[in-house]
Amino acid sequence: MTEYAIISLDDAQKTPGKSGTPRVVLTDILDLKQTRSSVWYLSPGQQTTFHTHANQEELYFQIQGPGQMKIHDDVIDVPERSAIKMPPDTPRRLLNNSKKEHIWLVVGAPPLKNDGRPVLN
């Protein structure tokens, strides 16, 4: 029995999230059971849905950037290779106001489907 799984992101198929932003859904590809995990690719001008979660805490890791996040009403710059813990009820979105692609790893636990709630601006 294999106890691990590996994937090259360069070979993985990107699919659009609800906002249309491309992502690689690691949860499905790696058959993750304890987290919901994706790598998000934000081109200049793109953003994810402004949202909260009912129960899921999220970890955001900025792989390539630097990145930007809207948290409540504030837009913050996130240095490359930085991590942010986000409680379920905190409104947030990833955004890219730069001229180069941003890449994020987002990990949520517990692994609940359809736990996100859009926030109206």
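**Exercise 1. Place Tyr 41 in the fold and work out whether Tyr 41 is buried or exposed.**

Start with the strand: Tyr 41 lies in strand E3, residues 36-42. Strands here are DSSP runs of E with at least two residues, and they are numbered from the N terminus. Before going on, a word on the model: it is predicted, so local features need pLDDT of at least 70, side-chain atom pairs count only at pLDDT 80 or more, and totals for chains, interfaces and linings use all residues. Residues are numbered from 1 along each chain as its sequence is written, and side-chain values use heavy atoms, with hydrogens and water left out.

Next, accessibility: Tyr 41 counts as buried because its relative accessibility is 7%, where buried means under 20% relative accessible area, exposed over 50% and partly exposed in between (1.4 Å probe, protein chains only).

Then look at the surroundings. Skipping neighbours within four places in sequence, Tyr 41 is in contact (heavy atoms within 4.5 Å) with residues including Leu 9, Lys 14, Val 24 and Ile 103. Lys 14 also lies over the face of Tyr 41, 3.9 Å from the ring centre. For that label, NZ of Lys or CZ of Arg must be within 6 Å of the ring centre and within 35 degrees of the ring normal.

**Exercise 2. Find the aromatic pair and say which strands it links.**

Searching the whole structure turns up one aromatic pair. Tyr 60 and Trp 104 form it, edge-to-face, at 6.2 Å centre to centre with 85 degrees between the planes. The rules: rings of Phe, Tyr and Trp (its six-membered ring) pair if their centres lie within 6.5 Å; planes under 30 degrees apart are stacked, over 60 edge-to-face, the rest tilted.

Now the strands: Tyr 60 is in E5 and Trp 104 in E10, 44 residues apart. Seven bridges join E5 (residues 57-64) to E10 (residues 102-109), and the two run antiparallel; strands pair if DSSP finds at least two bridges between them. Tyr 60 stands opposite Val 106 in E10. Both Tyr 60 and Trp 104 are buried.

**Exercise 3. Describe what His 51 touches.**

First, His 51 lies in strand E4, residues 51-53. At 15% relative accessibility, His 51 counts as buried. Not counting residues up to four places away in sequence, His 51 touches Tyr 60, Arg 92 and Val 119, among others. Finally, its side chain makes a polar contact with the side chain of His 53 at 3.4 Å; that takes N or O atoms within 3.5 Å, within protein one able to donate a hydrogen and the other to accept it, and residues adjacent in sequence count only if both atoms are side-chain atoms.

Technical notes. Helix = DSSP H or I, 4+ residues; strand = E, 2+ residues; numbered from the N terminus.
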